[in-house]
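Suppose you want to know why certain words are used for a protein model, and how each word can be checked against a number. The questions and answers below take up that task.

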Amino acid sequence: MAPQMIFVNLPVTDLDASKAFYEKLGYAINPQFTDETAACVVISDTIYAMLLTEEKFRSFLAPGKEVSDATKSTEVLVTLSAESREKVDELADRALAAGGSPAKEPMDMGFMYGRSFADPDGHHWEVFWMDVAAAQGAQGAQG
């Protein structure tokens, strides 16, 4: 059985600027699923962010639903794992340098570390690293 894939669909106000932002984070754009209304950002072999113009995004909504303004409200937190604390910092720092903004203060629990950023359209992204063995030990100590 093939691994399950996820496509996170995000409305964007400026498709070219959004594509450039994610490319600066080190992600590729899949031209096979990209046109003037959409761009497919390849995050991994099974994770993709579909950047859709607001008009295109609206065409997928149920009747009566509206496109949320991610700069004013949060409908979803998109969270990515990283291999190390350093990789968390690398991605978050690249996002800030590429025009993103900090979404909240870094979180450091010793066995888990994370940072967050908002993309140019205000979509909230989290990046975290966790020492699984230490986390299981910490969880066992609480139980």
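What follows are questions about salt bridges, exposure and nonpolar cores, each answered from a definition.

This is a predicted model, in which local features need pLDDT of at least 70 and side-chain atom pairs count only at pLDDT 80 or more, while totals for chains, interfaces and linings use all residues. Residues are numbered from 1 along each chain as its sequence is written, and side-chain values use heavy atoms, with hydrogens and water left out.

Q: Why is the pair E90 and K87 called a salt bridge?
A: A salt bridge is a side-chain nitrogen of Lys or Arg within 4 Å of a carboxyl oxygen of Asp or Glu. For E90 and K87 the N to O distance is 3.6 Å, and therefore the pair fits the rule. By this rule the count comes to seven salt bridges.

Q: Where do E90 and K87 lie?
A: Both belong to helix 3 (residues 85-97), three residues apart, about one turn of the helix; helices (H or I, at least four residues) and strands (E, at least two) are DSSP runs, numbered from the N terminus.

Q: What makes E90 count as partly exposed?
A: Buried means under 20% relative accessible area, exposed over 50%, and partly exposed in between, with a 1.4 Å probe and protein chains only. E90 has 37% relative accessibility, so it counts as partly exposed, and K87, at 37%, counts as partly exposed too.

Q: How do you know that D89 and R115 form a salt bridge?
A: The N to O distance between their side chains is 3.0 Å, which the rule accepts because it is within 4 Å. D89 lies in helix 3 and R115 in strand 8 (residues 112-118), so this pair ties together parts that are 26 residues apart in sequence.

Q: Why is R115 called buried?
A: R115 has a relative accessible area of 13%, so it is buried, whereas D89, with 25%, is partly exposed.

Q: What makes a group of residues a nonpolar core?
A: A nonpolar core is a set of buried Ala, Val, Leu, Ile, Met, Phe, Trp, Tyr and Cys residues joined through side-chain atoms within 4.5 Å. The largest one here has 26 residues, and those with the most contacts inside it are Y22, L25, Y27, V41, L51 and W125. Apart from it lies another core, of six residues, including Y48, M50, L52 and F57.
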